Amino acid sequence: MKRHEDPLFETYREAFAQYEAPAPAGTLAAVHRKMNKGGFWYFSWTSLNVYTLSALIAVGLAFSLFANEGGESSALSFTPKEKDLSLAAMEKTQEHLSLNEEENLDDDDSSLKIQKLASQLNSHQRGLVNQSKSNASSANNSKKNARTLAINLAQVQVRHEVILEKDLQRDQNLNFANAIEELAASSAEKTEVPSVDNAQGILDQAKTGAKETGITLKSKQKVK
Amino acid sequence: MYTLEELIEGCKKQSRKHQDALYKKYGNMLYGVALRYTKNGFDAEDVLQEGWVKIYKNIDSYTINNSFEGWIRRIMVNTAITHYRINLKHAYHHDIEDVPQARTTDAPFGVDEYTKEELMSTINNLPDGYRIVFNMYVIEGYKHKEIAEELNIDINTSKSQLSRAKKYLQRELQKLSKINL
């Protein structure tokens, strides 16, 4: 069915082809507001919401506090003293900043140093490990040496003791021989005519006693 | 009084006076269009404002060879369609089955039988989809293919919605006839 043949459609078309209705008041103003949306004045006046107002108030309060800190003088009007003070403060901050930079540089150097030291420590540790290995082998050797030395020492001590015993025995024999010799001499002196045979007999006894102890007496003076 | 050409040229230069004069000339007609595509006056006013903003901003693209009234009417219809699409997800959707089938007769209708306000109220009471298709097809003269492309629906959907809109309106008009009698 074509649209112009339908009576219902014709009714509506005739009624609304040129239909007009009075537009609500304020529409044009709203249209212009929408047109200006995004412009500077729209932003400044229509978007002045709570947040922007609170931000402005906060800025104002901060400014007033800053102005009161300076006493009677305004925050914006600098007297020469204030200027000097502010310059000094600026210089101080500059110095502080430069020091901080130097510290930062020092920090960099120290970090390099630490790295170097760490590498050195590592190499040292490696050396110690190697040394300990070699020390272990040398310790084994020294143990062996010590053992042999101890054995040698023991042997030497034994020999020394033997020698000491021999020396002691010899001294005792010598003392004994001297005593006999003195006894023989005194007995010969006591007799008016010394009997050569008797003295000789005593001397022979002393020689045999000395021989038994391993000491040969060659002469009377030598024994003394 | 400005001629249409002067109004268009003035609006192209963003002249406030020319813009106001253009609104005065076509404002009521375009509000009538907006009322047909919406449920109530509030939605119609929104569509009207958006449509006028588009007209003022895009008036440079208008070529003098075409009908200016047709151009601004088309902008308003497209704005109404956009408004319908935006509000589609919030709207209550009537399925075709949900709309009660009207028992209608092919009795003739006369313009004089009903007032324009009565006819407008029947259009406003249509489900959104039916109203859009009915207005585009019957009043603006779109074809089903064009409606399908504009609303991104199937041609058969456009046809069925028009058919159901017609039956719905017949029933409503019959009710009005009984009341008038």
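**Notebook: helix H1 of chain A and the contact with chain B**

I began with helix H1 (residues 7–16) of chain A, where I found A:Phe9, A:Thr11, A:Tyr12 and A:Phe16 to be buried. These four lie on the same side of H1(A), because the arc they cover around the axis is only 155 degrees. I keep in mind throughout that this is a predicted model.

I then looked up what this buried side meets, and noted that the buried residues of H1(A) pack against H2, H5 and H6 of chain B.

Next I turned to the contact as a whole, to which chain A brings 22 residues and chain B brings 26 residues. On the side of chain B that touches chain A, I listed helix H2 (16–37), helix H3 (41–57), helix H5 (116–124), helix H6 (128–139) and helix H8 (155–180), each of which supplies at least two residues. H2(B) gives the most to this side, with nine residues. Sorting the residues of the same side by character, I recorded 16 nonpolar, five polar and five charged.

Last, I checked the confidence. For chain B the pLDDT averages 86, and 85% of the residues score at least 70. In chain B, I read the highest confidence in H3(B), at a mean of 95, and the lowest in H8(B), at 89. Residues 99–108 of chain B, by contrast, have a pLDDT below 50, and I noted that this stretch has 13 contacts in the model beyond near neighbours in sequence. For the complex, I copied down the predictor's ipTM of 0.82 and its pTM of 0.51.

How values were computed:
Residues are numbered from 1 along each chain as its sequence is written. Chains are lettered from A and ligands numbered from 1 in the order in which they are written. This is a predicted model: local features need pLDDT of at least 70, side-chain atom pairs count only at pLDDT 80 or more; totals for chains, interfaces and linings use all residues. Two residues are in contact if their C-beta atoms, placed from the backbone, lie within 7 Å. Ala, Val, Leu, Ile, Met, Phe, Trp, Tyr, Cys and Pro count as nonpolar, Asp, Glu, Lys and Arg as charged, and the others, Gly among them, as polar. pLDDT is the predictor's confidence in each residue, from 0 to 100. A residue is buried if 20 or more other C-beta atoms lie within 10 Å of its own, exposed if 12 or fewer, and partly exposed in between; C-beta atoms are placed from the backbone. The arc is that of the directions from the helix axis to the C-beta atoms.
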